[in-house]
Amino acid sequence: MDKARERLEHLWRRGREFLGTEYAIMGGAMSWISERQLVAAISNGGGFGVLACGSMGPGLLREEIRATQELTARPFGVNLITLHPDLDALIDVCGEMQVGHIVLAGGLPSAASIKRAKDTGAKVICFAPAVVLAKKLLRAGVDALVIEGAEAGGHVGPVATSVLAQEILPVIDQVPVFVAGGIGRGEAIVSYLEMGASGCQLGTRFVCASECIAHPNFKKAFIRAAARDALPSVQVDPQFPVIPVRALSNNATRRFILFQMEVISRFKSGEIEQKDAQLEIEHFWAGALKRAVIDGDVENGSLMAGQSVGMVTREQPTAEILQELLSQALAALADRHGPVPVQA
């Protein structure tokens with residue numbers, strides 16, 4: 001296993017050095033889930049926790065960063081949504097609190113936002129859903145990229161992780177690239193590292209960590225679920241676009257389809273304008289994630305989950321999850337690079 005460990009250290013050295021961690025494993029920033037407890041647990045376990053700012057204002061983010069810093073002395077990042085109306089102020093809070101890594105997500109950040117984040121002294125990480133956008137982000141000065149495939153939970157693009165990896169990893173080597181989406185085992189981490197990734201990001205795998213504050217009902221839904229249960233939201237009419245969100249199917253998922261049909265019918269009858277109809281559809285899920293994660297209403301809330309949910313089989317400590325991933329990665333490398341038996 002020593003050779004396997006040596007090989008693994010070589011494969012993810014760049015990612016580890018960039019993150020300042022023992023393992024080049026990032027925790028995905030999940031709203032209401034990736035808060036101080038889970039973020040600190042991932043960092044303390046040797047990975048890289050990422051705090052999800054979500055809709056927090058500057059004051060609340062400041063307190064959450066401070067609370068996380070009290071729970072861990074190890075590196076962690078802060079994920080900011082680029083469409084947040086107070087983005088500049090949130091970046092400034094990260095600078096004030098000496099956050100080492102800022103992740104800009106939820107859209108393509110402006111060059112000005114990237115510069116503002118870099119001017120705090122932080123390393124800036126952005127999401128690149130295509131080669132052309134990866135190159136644009138590089139020109140804007142990002143320090144690392146995450147490529148996330150359609151298998152991920154929450155808001156997703158149309159391209160599979162395996163395809164994005166084949167498109168982007170051979171082309172982009174100027175900065176570390178982390179792969180995300182549908183990753184639940186160490187063998188998968190190794191495969192992407194061997195393709196040229198510097199590390200991987202996992203979200204769904206950590207939802208049932210003991211330190212995660214998600215409601216027991218939410219965790220039970222993940223433990224029961226199979227990969228095929230995590231589906232992207234359905235768009236009824238192209239005239240009323242719906243941003244795909246991958247989540248476990250439940251009563252709310254079914255009601256959303258009927259709701260779209262009802263709203264579109266009202267538009268066609270002249271009862272409401274198209275803009276108002278679109279807003280009603282978009283507002284259907286308002287507060288739905290909190291309803292499921294915090295309140296435990298798993299029938300009427302949003303159960304955002306990646307397809308790797310089928311690999312979540314029990315609640316366990318974060319450190320144990322990280323150790324499982326490491327053991328699987330090392331075992332895969334030992335098998336792959338061990339002696340080839342001589343045929344008689």
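At what angle do helix α11 and helix α12 pack, and how far apart are their axes? Select residues 251–268 for α11 and residues 274–283 for α12: the angle is about 170 degrees and the axes are 10 Å apart. Axes are lines fitted to C-alpha atoms, for helices over the stretch in contact, and angles run from 0 to 180 degrees between N-to-C directions. Helices (H or I, at least four residues) and strands (E, at least two) are DSSP runs, numbered from the N terminus.

This is a predicted model, in which local features need pLDDT of at least 70 and side-chain atom pairs count only at pLDDT 80 or more, while totals for chains, interfaces and linings use all residues. Residues are numbered from 1 along each chain as its sequence is written, and side-chain values use heavy atoms, with hydrogens and water left out.

**The α11 and α12 pair**

The two helices α11 and α12 are therefore roughly antiparallel to each other. Angles under 35 degrees count as roughly parallel, over 145 as roughly antiparallel, 65 to 115 as roughly perpendicular and the rest as oblique. Show the side chains of α11 that meet α12, among them Phe-256, Phe-259 and Phe-267. On the α12 side, Gln-274, Ala-277, Glu-280 and Ile-281 take part. Contact means heavy atoms within 4.5 Å. This contact of α11 with α12 has 7 nonpolar, 2 polar and 2 charged residues. Here Ala, Val, Leu, Ile, Met, Phe, Trp, Tyr, Cys and Pro count as nonpolar, Asp, Glu, Lys and Arg as charged, and the others, Gly among them, as polar.

**Domains**

Next, colour by domain: domain 1 covers 1–214 + 313–333 and domain 2 covers 226–295. These bounds come from an automatic or database domain assignment. The C-alpha centres of domain 1 and domain 2 lie 28 Å apart. At their contact, 12 residues of domain 1 touch 8 residues of domain 2.

**The sheet of 3 strands**

Select β7, β11 and β10, which form an open antiparallel sheet in that order. Two strands pair if DSSP finds at least two bridges between them. At the edges are β7 (154–155) and β10 (230–232), each pairing on one side only. Between β10 and β11 (residues 245–248) there are 3 bridges. Label Leu-231 to find Ala-247 of β11 opposite.

**The sheet of 8 strands**

Now follow the order β1-β9-β8-β6-β5-β4-β3-β2, an open sheet with parallel pairing. The edge strands β1 (25–27) and β2 (49–52) have a single partner each, so one side of each is left without a neighbour in the sheet. From one strand to the next, the twist averages 25 degrees. Zoom in on β5 (residues 123–127) and β6 (residues 144–148), parallel strands joined by 3 bridges. Phe-127 has Val-146 in β6 as its bridge partner.

**Helices across the strands**

Add α5 (residues 87–96), which lies across β3 (76–81) and β4 (101–105) and runs at about 170 degrees to β3. Then add α6 (residues 111–119), lying across β4 and β5 at about 150 degrees to β5.

**From α5 to α4 and α3**

Keep α5 and show α4: the pair packs at about 30 degrees, with axes 9 Å apart. The helices α4 and α5 are therefore roughly parallel to each other. The α4 side of the contact is made by Pro-58, Leu-61, Arg-62 and Ile-65. Last, select α3 (residues 36–44) with α4 (residues 58–71), which pack at about 40 degrees with axes 9 Å apart. That makes α3 oblique to α4.
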